[in-house]
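The following exchange considers one protein model through a series of questions. Please consult the sequence and the structure while reading.

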Amino acid sequence: MSARAASISDAEIDHFSQHAEDWWNPDGVFRPLHKLNPVRLAYIRDRACAHFGRDAESRPSLKGLKILDVGCGGGLVTEPLARLGGAVTGIDGSENTIAIATRHAKASRLSIDYKVASVEELTKKKTRYDLITALEVVEHVADVDSFLKALAALLKPGGLLIMSTLNRTPKSFVLGIIAAEYILRWAPRGTHEWNKFIRPSELVSKLQKVRLHADDLTGMVFNPLRGMFELNKNDLEVNYLLSCGFRRK
């Protein structure tokens, strides 16, 4: 990037860049994201289809939508969105990560526009998006307000933003950091800082300030018996998803 934007944290970029080669290893350092992926993708597909009046069972259900995946990493969500028919752009602050994502998409014969960029940089261009995803990103940015303002600027009127992150609760400290990083070793130590987790009420309030109206909050709860995450609207204590639309003045 030509210049570091307000939302970019060099320390976070360096941390993830060190593990870039591991993005597509389901048993590697990004194992939690691989486990989250099925429910994240189901949520994105269903919310987007409901919002844009599409049939979630049709293929490809997101055809014709211009989609931006922010903090795309190696492309774990970006590639499925492309397979669902979206014209997808993926951005990330790590050159190493974008190189891995580009290589994997090429091997998978998928056309995805990957860029090393920040959301602030993208606002300077004329392109706006029907659907924006920012999954497990907001807890890693340096300036949440700048990040959300840029997301709102990049979303078309009538568009849809979908985010996921971690709630700041005692339970998320135990499960999201102590268990995931120190006991189960699903992620490298230091991947998360609990004080950067954001409560749903805080995120909803910040989004309202940039004219984004939250219309759904759904938790992602790990089921140890099944070894997988499940969607649960009544449990937002650890991981949660949020969808919101752009509100006109």
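The questions below concern the packing, the surface and the salt bridges.

This is a predicted model, in which local features need pLDDT of at least 70 and side-chain atom pairs count only at pLDDT 80 or more, while totals for chains, interfaces and linings use all residues. Residues are numbered from 1 along each chain as its sequence is written, and side-chain values use heavy atoms, with hydrogens and water left out.

Me: Which element gives the most residues to the largest nonpolar core?
Reply: A nonpolar core is a set of buried Ala, Val, Leu, Ile, Met, Phe, Trp, Tyr and Cys residues joined through side-chain atoms within 4.5 Å; buried means under 20% relative accessible area, exposed over 50%, and partly exposed in between (1.4 Å probe, protein chains only). The largest such core has 37 residues. Helices (H or I, at least four residues) and strands (E, at least two) are DSSP runs numbered from the N terminus, and those giving two or more residues to this core include H3 (78-83), H4 (95-107) and S4 (129-135). The greatest share, 8 residues, comes from helix H2.

Me: Which residue in S5 stands opposite Thr133?
Reply: Strands pair if DSSP finds at least two bridges between them, and S4 and S5 pair in the parallel sense over 6 bridges. S5 is mostly covered, with 9 of its 12 residues buried. The residue opposite Thr133 is Ile162.

Me: Is Leu122 buried or exposed?
Reply: Leu122 belongs to helix H5 (residues 119-122). Contact means heavy atoms within 4.5 Å; beyond four places in sequence, the contacts of Leu122 include Leu68, Ile91 and Leu154. Because its relative accessible area is 4%, Leu122 is classed as buried.

Me: How many residues apart are Arg168 and Glu202?
Reply: A salt bridge is a side-chain nitrogen of Lys or Arg within 4 Å of a carboxyl oxygen of Asp or Glu. Arg168 and Glu202 form one, with their closest N and O atoms 2.7 Å apart. Arg168 lies in the loop between S5 and H7, and Glu202 in helix H8 (residues 200-209), a separation along the chain of 34 residues.

Me: What is the relative accessible area of Arg226, which meets Glu230 in a salt bridge?
Reply: The side chains of Glu230 and Arg226 come together at 2.8 Å, N to O. Glu230 is partly exposed, with a relative accessible area of 27%. Arg226 counts as exposed, because its relative accessibility is 54%.
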